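Hi everyone, thanks for coming. I'd like to walk you through one small example today, so have a look at the picture while I talk.

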Amino acid sequence: MARYTVIVEKSDDEYFAYVPALPGCTSSGQTPGQALDHIIEAIALTQSYLTEQHLPIPDRIETIAEVEVH
């Protein structure tokens, strides 16, 4: 089992989710919950693809920081 940080952002009419540790692994949904449900499926598919291609599955990203800009 792997753990990944997932970022969920609101666009004009839906929510967009992505995984910084897995570039290209994205999903969306009408609600934040739907976006998270869909990204879990996308993560599983990405992991399967990487395994089939004998590519390494990246580890999770440990540091997500919030910064203040003046």
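Before we read off the pattern, one bit of vocabulary: helices and strands here are DSSP runs, at least four residues for a helix and at least two for a strand, and they're numbered from the N terminus. With that in hand, go along the sequence and you get β-β-β-α. In other words, the protein has 1 helix and 3 strands. And keep in mind that what you're looking at is a predicted model.

Okay, some overall figures. The protein has 70 residues, and 20% of them count as buried. Put a box around the C-alpha atoms, along the principal axes, and you get roughly 45 × 30 × 20 Å. The exposed area is about 5400 Å², with carbon and sulfur atoms supplying 53% of that. For contacts between residues at least 6 apart in sequence, 28% link residues that are at least 24 apart.

Now, the sheet. How are the strands ordered? The 3 strands make an open sheet, β1-β2-β3, with antiparallel pairing. At the edges sit β1, residues 7-10, and β3, residues 26-29, and each of those pairs on one side only. On average, neighbouring strands in this sheet are turned by 25 degrees against each other, if you ignore direction.

Then there's the helix. Helix α1, residues 32-52, packs on the sheet and touches β1, β2 and β3. Its direction makes about 150 degrees with that of β3.

Let's go through the strand pairs. β1 and β2 form a hairpin, with 4 residues between them. They run antiparallel and are joined by 4 bridges. In that pairing, Val8 has Ala17 in β2 as its bridge partner.

Next door, β2, which covers residues 15-18, pairs with β3 in the antiparallel sense, over 4 bridges. Two spots to find on your screen: Tyr15 has Gly29 of β3 as its bridge partner, and Tyr18 stands opposite Thr26 in β3.

What about the two faces? In β2, Tyr15 and Ala17 are on the covered face, while Phe16 and Tyr18 are on the uncovered one. In β3, the covered face has Ser27 and Gly29, and the uncovered face has Thr26 and Ser28.

Let me finish with one residue, Ser27, which lies in strand β3. Why does Ser27 count as buried? The cut-off for buried is under 20% relative accessible area. Ser27 has 15% relative accessibility, so it counts as buried. And which residues does Ser27 touch? Leaving out residues up to four places away in sequence, Ser27 touches Tyr15, Phe16, Ala17, Ala35, His38 and Ile39. Tyr15, Phe16 and Ala17 are in β2, residues 15-18, while Ala35, His38 and Ile39 fall in helix α1, residues 32-52.

That's my tour, thanks for listening!

Note on methods: Residues numbered from 1 in each chain as written. Predicted model: local features only at pLDDT ≥ 70, side-chain atom pairs only at ≥ 80, totals over all residues. Heavy atoms only, no water. Pairing = 2+ DSSP bridges. Axes fitted to C-alpha atoms, helices over the stretch in contact; angles between N-to-C directions. Contact = heavy atoms within 4.5 Å. Buried < 20%, exposed > 50% of the residue type's maximum accessible area, 1.4 Å probe, protein only. Areas by Shrake-Rupley, 256 points an atom, 1.4 Å probe, with all protein chains shown as cover.
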